[in-house]
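Here are some notes to read alongside the model. Keep the viewer open and click on each residue as you go.

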Amino acid sequence: MLSRKAVIRLTTLVSIIAWVTMVFTELSIVFSNKIDMNSGIADSIPKIALSVFILSLFVFFKYRIEKAESVNFIDLLWKVFVTGLITTIVSLVFRLFLILLGSTKLAENVLFQEFIYLINLGLLASFLISTFIVWKRLILYQKSKFLLTVWQIFEYALLISLLYVVLPVPAIANLERYYMGILVLLGIFLSANMKWVAYLNFKQKWKSILLILLAMFYLGYFAFTVFSFADDIGKNTPVFLNIGNNIFLISLMIFIFIYSLFSLLVILFNLPTSSVFEQKLEEVVNFQRLSQSIQTEQNEERVYDILLESATSTVFADAAWIEIFEEEGNSKFYTHKISVAEVGTIKEHISNNKISGVLEPSSDKSKNANKYLSTLRSSRFRSIMAFPIYVKNSHVGTLALLKDVSDGFNKEMSKIIDTFTNQAGISIENFRLLSEALENERYKEELKIAKRVQSSLLPKVLDHGQDYDMIAFSEAADEVGGDYYDTFRINQDKIALIISDVSGKGTSAAFHMSQMKGVFHSFAQLDLPPKEFLVKANTALSRCLDKTSFITTSYFVIDSERQKVEFARAGHCPTLYYDSQTGKASYFQNKGLGLGIIRNNEFGNYIQTNCFQYKKGDIIVLYTDGITEAKNAKSEEFGYERLQNFIETVSHKEIVNIQEDLINALYEFSGSKAIDDDYTTLIIKFT
C-alpha cells in the first residue's frame, strides 16, 4: 500500500509524462497534416494522453486536498484561489509572450499556437480538478448516505466520460448532449448542499464572497482563453484536442460555475442573518460567563463587572450603570462610559418629573424602555432600560442601560437582560450562601436554596415520541448533586437526550451540572452528530472546568422517522439495551473519554459513534454509576450483571413500573434509603 506522499509523487510524474506525450503527439499530427504527410501516430493517442493526464491530476488533487488533514472552509477556498492565481499567472505570461511577438512568423505559426493552446488546456484542467475536489469537501460536509451515493454516481459518471473520447462508442444521435445534460442535472442537485455556509461568521462570509468571485473570474478567463485559441487554430488546421468535444472538462466547468454561483447567492442572502447569529452566540457566551462566575470569581464586585460588560455588549448600549444598595441608605455604583454625576442627573430628572415605570422593580420593561429621557436636554442619552437585581428575594440593586438614540431598546433585549440579571442574582446568592456557611452552622439549610435552583435545571417534563415512552428518576446523595439528564426536540422526528455525571459531589458538581445544561441546549439545537456534539462540548467545558474536574456523558439522537438511534459516550457508564426479539439485555461497549480529561484537538479520536434500529418492545436504560455501585451491608455492589438480569425480568411491564421496581430493588439491596452516591436513571421503552 503506497503512502500518501508516494501517491502524490507518482501521480505528479505520470501527469508530466502524459502531458509531454499529449503535446508531442498532437504537434506531430498537426505538423504531418500541414505538410500532407502520414505521421504514423493514431489520432486517438493525444486524446488518450489527455485522459491519462486528467486522471493523474484527479488522483493527485484527491490525495493533496481531499485526504489532507481537516482544514476550515476559508482555507479550502484559499486553496482554490492560490491554484487559480498560479495557473492564471502562467497563462498570462505565455499570452504576454505571444503579444510581444506581434505579427512575426513565430506568432502566426500553427504549431506554436497549438503549443500555447495545449499549455492553457493543461492549466485549465489543473484548476478545474483542484476546484472540483474542494467543492466535493464542501458539499459533503455533514453528509448523509443518500448524498454520498449521489456524489459517487456523479463522480463516476464524470470519470466514465473520459473514456468516451478514447473508446469506440456506437454512434447515437445527440448522445453527448444527453450525457452532459445528466451530468449538469446531477451537478445542480449537488450544488444545493452547502451546510458549511451556516458556520461562517460575518467576516468569513465576506472573505468567502471575495474568494468565490476570484474563482469565477479564473474560470471565465480560462474559458475565454482556451475556446478562443481553439477557434483561431481551427481556422487553419483541425484541432484534435478541441475542448468543445471533451464532455469531462465542459461538464466540470459548468458544475464549478453553478456551485460557485449558488454559494455566492446563499452567502449573500445569509449576510443579514450573520450578525443576528453572532449576537445570539455572544448571548450564550455572556450567559456562560455569568454562570462561571459562581465558581471562578472571588467576590461580588467581579460578578457586577461581568454583568455590566455582558449586558452592555449584548444590547449594544452606549452606557450603563449598576447601583447596589448598601446599609444606611448609601449606594455603590459600577459604571460604563457614564459618570456618577450623570447618573445622579438622570435619576433626579426621573424623580422630579414623577416618571413611573423606569427604575421600579415591578414595572414592565418591554413597554417602558424608550421614551423617558426625551425631555432631558442636558443629557446625551435618549433611551433607558432598567432591571432590578434580586438576591434571596431581596431587591439589592438596579442595572440601567442607556442609548443615545430614541427607541433604542426592544422587547427581545428586555428578555435577554432580565435573564442576565436573574443569573447574576443566583451567582451573588451563592456567594453569600457560601460565606454565611463558613461563619455559622446553617450550611445545610442554605444549601436547600441551591438545591431548588439545581432542581429547576432538570426537566419537569421529558419529550416523548409517537413510538416510545421515556421516564427519569434522580436522587442526590447530598443536598445537591452532579447528575444531569435532559431532552431537546430537534425537529418533528428527532429528539436529543443526554445523561451526565459530574466528577465529585456537592456544590461544585452542581455548578458544573448547570454549565453542562447550557452547553447541551446551545449545541443540541444545531442538530449535530453525537460525536461532533461531544467534541464541541469538550471544547466549551475545557475552558471553564477546573483541572481536577471532568464530566462523563452519553448523548443520544432518536430518529422516529427512520426508527434509528445514534449515540456516543464520553466516559459514561455503558448503555444497557434490551432486545425484545431475543429477550436478552446487553451493554454497548463503544469507547469514549470524559469531557475535560483531554483538552485539545485529540479528544475526537477517543469518541466512537454507534447506531442501531429499534423495534417495538426494545428498552434503553441510561444510568449513572451510583446505580451499579450501590452497596449492601456486605459491601457487595449492585453491579452490571444484576442490573442486566433485572431488566430482562421486568421488560414486559410498563415503563413506570419498570422504574419503580428498579428503585425499590436498589433500596432493598442497599438496605437503606441513605445513599452514598447520586441515583439517576433515564429509561426509554419503544412501543
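**Notes on the model**

1. Let's start with the overall make-up. The protein chain has 18 helices and 14 strands. Bear in mind that this is a predicted model. Of the 687 residues in the chain, 50% are buried. If you take the contacts with a separation of 6 or more, 72% of them join residues 24 or more positions apart.

2. Next, have a look at helix H6, residues 145-164. Its 20 residues reach 29 Å from the first C-alpha to the last, close to the 28 Å expected at 1.5 Å a residue. Its buried residues are Leu147, Val150, Trp151, Phe154, Glu155, Ala157, Leu158, Ser161 and Leu162. Seen down the axis of H6, these buried residues fall within an arc of 160°, so they line one face of the helix. Turn to the other side of H6 and you meet Lys145, Phe146 and Tyr156, which are exposed.

3. You can repeat the exercise on helix H17, residues 639-650. At 1.5 Å a residue, its 12 residues should span 16 Å, and the end C-alpha atoms are 17 Å apart, which agrees. Which residues of H17 are buried? They are Gly639, Leu643, Phe646, Ile647 and Val650. Looking down the axis of H17, you find its buried residues within an arc of 115°, so they line one face of the helix. Glu641 and Thr649, on the other side of H17, are exposed.

4. What do the buried residues of H17 pack against? Their partners are three strands, S10 (576-579), S11 (584-587) and S13 (619-623), along with two helices, H16 (625-628) and H18 (655-670).

5. Helix H3 (73-101) deserves a visit too. With 29 residues at 1.5 Å each, H3 should span 42 Å; its end C-alpha atoms are 43 Å apart, which agrees. Just after H3 comes Gly102, with a positive phi of about 65°.

6. While you are on H3, pick out Ile74, which lies in this helix. Is Ile74 buried or exposed? Its relative accessible area is 15%, under the 20% cut-off, so Ile74 counts as buried. Leaving out residues up to four places away in sequence, Ile74 touches Leu200, Gln204, Lys207, Ser208 and Leu211. Also check Lys205: Ile74 and Lys205 are 131 residues apart in sequence, yet 8.9 Å apart in space, C-alpha to C-alpha.

7. H3 also helps to line a pocket. The second largest pocket holds about 560 Å³ of space. It is lined by 22 residues, and the closest to its centre are Leu57, Phe60, Phe61, Thr83 and Ser126. Which elements give two or more residues to this lining? They are helices H1 (4-34), H2 (44-66), H3 (73-101) and H5 (110-139). Sorted by class, the lining of the second largest pocket has 13 nonpolar, 6 polar and 3 charged residues.

8. Now for a strand. Ala570 sits in strand S9, residues 564-570. Its relative accessibility is 0%, so Ala570 counts as buried. Setting aside neighbours within four places in sequence, Ala570 is in contact with Leu534, Ile551, Thr552, Thr553, Gly592, Leu593, Gly594, Leu595, Phe603 and Ile607. You can also find Tyr606 here: Ala570 and Tyr606 are 36 residues apart in sequence and 8.3 Å apart in space, C-alpha to C-alpha.

9. Two loop residues are worth checking for their backbone angles. Lys337 is in the loop between strand S2 (331-336) and helix H11 (340-352). Its phi is near 60°, a positive value in a residue other than glycine. At 60% relative accessibility, Lys337 is over the 50% cut-off, so this residue counts as exposed.

10. The other loop residue is Asp527, between helix H14 (506-524) and helix H15 (530-542). Asp527 has a phi near 55°, again a positive value in a residue other than glycine. Its relative accessible area is 29%, which makes Asp527 partly exposed.

Key: Residues numbered from 1 in each chain as written. Predicted model: local features only at pLDDT ≥ 70, side-chain atom pairs only at ≥ 80, totals over all residues. Heavy atoms only, no water. Helix = DSSP H or I, 4+ residues; strand = E, 2+ residues; numbered from the N terminus. Expected span 1.5 Å × (residues − 1). Buried < 20%, exposed > 50% of the residue type's maximum accessible area, 1.4 Å probe, protein only. Arc of directions from axis to C-beta. Contact = heavy atoms within 4.5 Å. 1 Å grid on protein atoms, 1.4 Å probe; cavity = no way out; pocket = protein on both sides within 12 Å on 5 of 7 lines; lining within 4 Å. Points joined across faces, edges and corners; volume = space filled by probe spheres on them. Nonpolar A, V, L, I, M, F, W, Y, C, P; charged D, E, K, R; others polar.
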